Amino acid sequence: MKIGIPKGLLYYKYHVFLETYFKEIGAEIVVSPDTNKEILDLGVKYCVDEACLPIKIFHGHVAKIKDEVDIILIPRVMQLKEKEYICPKFCGLPEMVFNSIPNMPKAITNPIYANNNTKLYKWAIDAGKYITDDINLIFNSFNRALIKQSAHKTGIRNENFEINIALSGHPYNIYENFTNMNIVEKLNKSGVGVITEEYLSDDLKNINVKKLYKKPFWTFLRENYGFTTYEALEKKVDGIIYLSSFACGIDSVVTELIKDEIGDFPFLILKIDEQTGEAGLDTRIEAFVDMLERRQENESDIPSHG
Ligand code: SF4
């Protein structure tokens with residue numbers, strides 16, 4: 001049985017688990033290629049106009065491989081952390097895809113509650129039954145996939161740069177190099193190091209989150225807010241860049257909350273959609289890096305007393 005895995009959305013975080021699990025239960029995996037112009041165009045063609053770019057790109061990945069596979073995984077991710085939720089677009093993703101893309105193959109769309117292993121195992125049984133009836137094989141494959149996933153470290157922490165920034169945003173914006181136009185490489189070439197939220201513990205992220213008048217129930221919002229405000233207020237970095245998806249409600253809220261908390265700390269929001277041009281993005285990054293350099297020079301010019 002050939003199972004298609006679209007390389008979009010949370011694939012970047014959980015591909016080790018998904019690929020290991022399906023391979024171990026005996027499926028042949030077909031992963032869509034890295035995002036490219038053809039995939040973007042397919043996404044724009046099939047997906048509703050109002051959707052954010054990551055959702056459009058996911059549609060493109062589905063359209064690219066749907067005819068090569070017997071069954072396709074459309075992950076209906078409901079929860080990643082206890083008492084938190086993720087964007088509603090994830091919950092309705094299978095319906096969006098089936099309403100937009102014609103001639104779809106059979107799909108695995110069972111809800112994924114990844115906030116604890118018992119619930120995730122239930123998903124593994126439901127999804128695994130499309131491939132095998134062997135419950136022992138499902139159990140052992142699930143455990144091997146969990147072990148491999150926990151040994152897999154995601155995140156970026158560059159070292160030995162004079163200027164460093166916290167790069168924040170949803171994982172699919174940070175790790176999707178086609179849409180972010182290789183932002184990490186661009187920053188590194190300009191002499192700027194990058195750190196991402198995976199390198200900050202949940203306890204430290206939660207310091208500023210706990211000060212909010214209401215606990216955020218969106219996982220991405222809590223993580224991005226906690227990470228950026230901690231890095232800024234503790235002066236761990238020289239600036240913050242937030243990669244935001246045009247038309248993302250969560251991003252519009254979190255960027256306002258961050259601004260309120262960090263005051264005049266250098267903060268650049270880069271909104272990305274299918275119209276974003278590379279020249280415009282480069283100009284904004286260059287201007288931001290120039291500003292960070294000037295700030296650093298000015299700070300080193302201030303005479304020290306005592
Ligand atoms: S969180 Fe924002 S960027 Fe992500 S799928 Fe939802 S609307 Fe799109």
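Helices are DSSP runs of H or I with at least four residues, numbered from the N terminus. In the predicted model described here, Asn173 belongs to one such run, helix H8, which covers residues 171-175. The protein as a whole contains 14 helices and 10 strands.

The overall dimensions were examined next. For a chain of 306 residues, a compact globule would be expected to have a radius of gyration near 19 Å, and the value of 21 Å found for the protein agrees with this. The C-alpha trace extends over about 75 × 40 × 35 Å along the principal axes. Buried residues make up 53% of the 306 residues. The exposed surface of the protein amounts to about 14700 Å², and 50% of this area is supplied by carbon and sulfur atoms. Among contacts with a separation of 6 or more, 73% are between residues 24 or more positions apart.

The domain assignment divides the protein into domain 1 (2-151) and domain 2 (163-301). Taken over C-alpha atoms, the centres of domain 1 and domain 2 are 27 Å apart. Contacts between the two parts involve 24 residues of domain 1 and 25 residues of domain 2.

The ligand is surrounded by Cys52, Pro54, Ile55, Cys87, Lys89, Phe90, His170, Tyr172, Ser245 and Cys248. Two or more residues of this shell are given by helix H3 (53-65) and by helix H4 (88-91). By residue class, the shell consists of 7 nonpolar, 2 polar and 1 charged. Because domain 1 (2-151) and domain 2 (163-301) both give residues to the shell, the ligand lies between them.

Asn173 was considered in further detail. Its relative accessible area is 5%, under the 20% limit, and Asn173 is therefore buried. Apart from neighbours within four places in sequence, the contacts of Asn173 are Pro54, Asn180, Leu243, Ser244 and Ser245. Of these contacts, Pro54 and Ser245 are also listed among the residues around the ligand. Asn173 is also 8.6 Å from Ile272, C-alpha to C-alpha, with the two positions 99 residues apart in sequence numbering.

Glu50 occupies the loop between helix H2 (37-46) and H3. With a relative accessible area of 61%, which is over the 50% limit, Glu50 counts as exposed. The C-alpha atom of Glu50 is 9.6 Å from that of Phe246, although 196 residues separate them along the chain.

Backbone torsions were also inspected. Most residues other than glycine have a negative phi. Lys83 has a phi near 60°, a positive value in a residue other than glycine. Lys83 is placed in the loop between strand E4 (76-79) and H4, and its relative accessible area of 71% makes this residue exposed. A positive phi is also found at Lys235, where the value is near 55°. Lys235 is part of the loop that runs between helix H12 (219-233) and strand E9 (239-245). The relative accessible area of Lys235 is 66%, so Lys235 is exposed.

Terms used: Residues are numbered from 1 along each chain as its sequence is written. This is a predicted model: local features need pLDDT of at least 70, side-chain atom pairs count only at pLDDT 80 or more; totals for chains, interfaces and linings use all residues. Side-chain values use heavy atoms; hydrogens and water are left out. A residue is near a molecule or strand if one of its heavy atoms lies within 4 Å of it. Ala, Val, Leu, Ile, Met, Phe, Trp, Tyr, Cys and Pro count as nonpolar, Asp, Glu, Lys and Arg as charged, and the others, Gly among them, as polar. Domain bounds come from an automatic or database domain assignment. The radius of gyration is taken over C-alpha atoms; the globule rule is 2.2 Å times the number of residues to the power 0.38. Buried means under 20% relative accessible area, exposed over 50%, partly exposed in between (1.4 Å probe, protein chains only). Contact means heavy atoms within 4.5 Å. Accessible areas come from the Shrake-Rupley method with a 1.4 Å probe; for residues, only the protein chains shown count as cover.
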